[in-house]
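Colleague: Could you walk me slowly through this model, taking the backbone and then the core?

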Amino acid sequence: MGEQPIFTTRAHVFQIDPTTKKNWVPASKQAVTVSYFYDSTRNSYRIISVDGTKVIINSTITPNMTFTKTSQKFGQWADSRANTVFGLGFPTEQHLAKFAEKFLEVKESAKLARDKSQEKMETSSNHSQESGRGTPSSTQASSINGTDDEKIYHGPPDVLLKSENDSLKAAVEQSNTNVKKWETELQTLRESNARLTDSLQESNTSVETWKKQVLICQEESSHLRNKITALEAQCNEVGQEKDTNTRLTNRVKELEVELQDKDLELENLRKQAEIIPRLMGECDGITEKLKAAERRNGELEARVEALQRDVEERQQQQGNMKLELKKLTDTLDGKLDELQEFRQGLSKLGADN
């Protein structure tokens, strides 16, 4: 089954300054995922955290480790193998308490696993000593051909490592395919968002233009009404000035011509005034479209953010898989080297005999 996560939380990761051994150095710019992993093959536990593609925590838990709460939201533990001290800053005190409880639980499990392993080694040692006293010839044969325990140790782990290696390769390939698909979808959403933004800007420009035209029409209508009032006042003065009757009559005719022109202009303005409600209705419709476009834009932005988070999580998973694949490959190479050395030892023993 390989290594599986058994507990996951989020925290800010720190490491002790290797120079001063006093100050904390941030290992992550923001809160990252911190997970406990259990390896059923080796019966071991590890704390692993990855920031993007960088592994910032890879600590194997041993029975001698201790997790210490230094404040309400901060805890630390020392890793002698990594030659450093790790610190975690949690968002709440409850998160710190859960992580500390899990650390204690995993530590006890690691201690039980170590005790069982020691008991098996002692039992195997006692059994081999008894067998050596009873049948010396079997001891000699085992020194040449290898014991059953050694054969079991050098055989199945190689097959298991190859199987895990193949499964991890397939998982990495599937993850790469998914990342490419999500990147394509993200690009499509970005283009759609850009088109919607352009449409929204054009709609805003059209609304402002219509508003300006409506204001101009209103101002012209008011100005014409004022001019009509002034002309009517001038017509009332004609009866008061008899000596200027002729001149005023001609003036009245001219004013009547102008009045007809103004009546035509007024009629045109009235028609334009009838268009104003329709324009206002169109403005309201455009406003509703703007609101719908803004809501759609918000939904697209939320979807883009969700896809970005998914891409980041997939990239983190891909990094974890690549790390595990490399470690398994290194372990496999080590096992193959040990097998080669063992075979060379057997050949040498055969040559000596």
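The questions and answers below take up two loop residues and then the nonpolar core.

Modeller: This is a predicted model, in which local features need pLDDT of at least 70 and side-chain atom pairs count only at pLDDT 80 or more, while totals for chains, interfaces and linings use all residues. Residues are numbered from 1 along each chain as its sequence is written, and side-chain values use heavy atoms, with hydrogens and water left out.

Colleague: In which loop does Lys21 lie, and what is its phi?

Modeller: Most residues other than glycine have a negative phi. Lys21 sits in the loop between strand E1 (3–16) and strand E2 (24–26), strands being DSSP runs of E with at least two residues and helices runs of H or I with at least four, numbered from the N terminus. Its phi is positive, near 60°.

Colleague: Is Asn83 buried or exposed?

Modeller: Asn83 belongs to the loop between strand E7 (74–79) and strand E8 (84–89), and its phi is also positive, near 55°. Buried means under 20% relative accessible area, exposed over 50% and partly exposed in between, with a 1.4 Å probe and protein chains only. Because its relative accessible area is 61%, Asn83 is exposed.

Colleague: Which element gives the most to the largest nonpolar core?

Modeller: A nonpolar core is a set of buried Ala, Val, Leu, Ile, Met, Phe, Trp, Tyr and Cys residues joined through side-chain atoms within 4.5 Å. The largest one has 23 residues, of which Val13, Ile47, Ile57, Trp77, Leu88 and Phe99 touch the most other members. With six residues, the element that gives the most to this core is H1.
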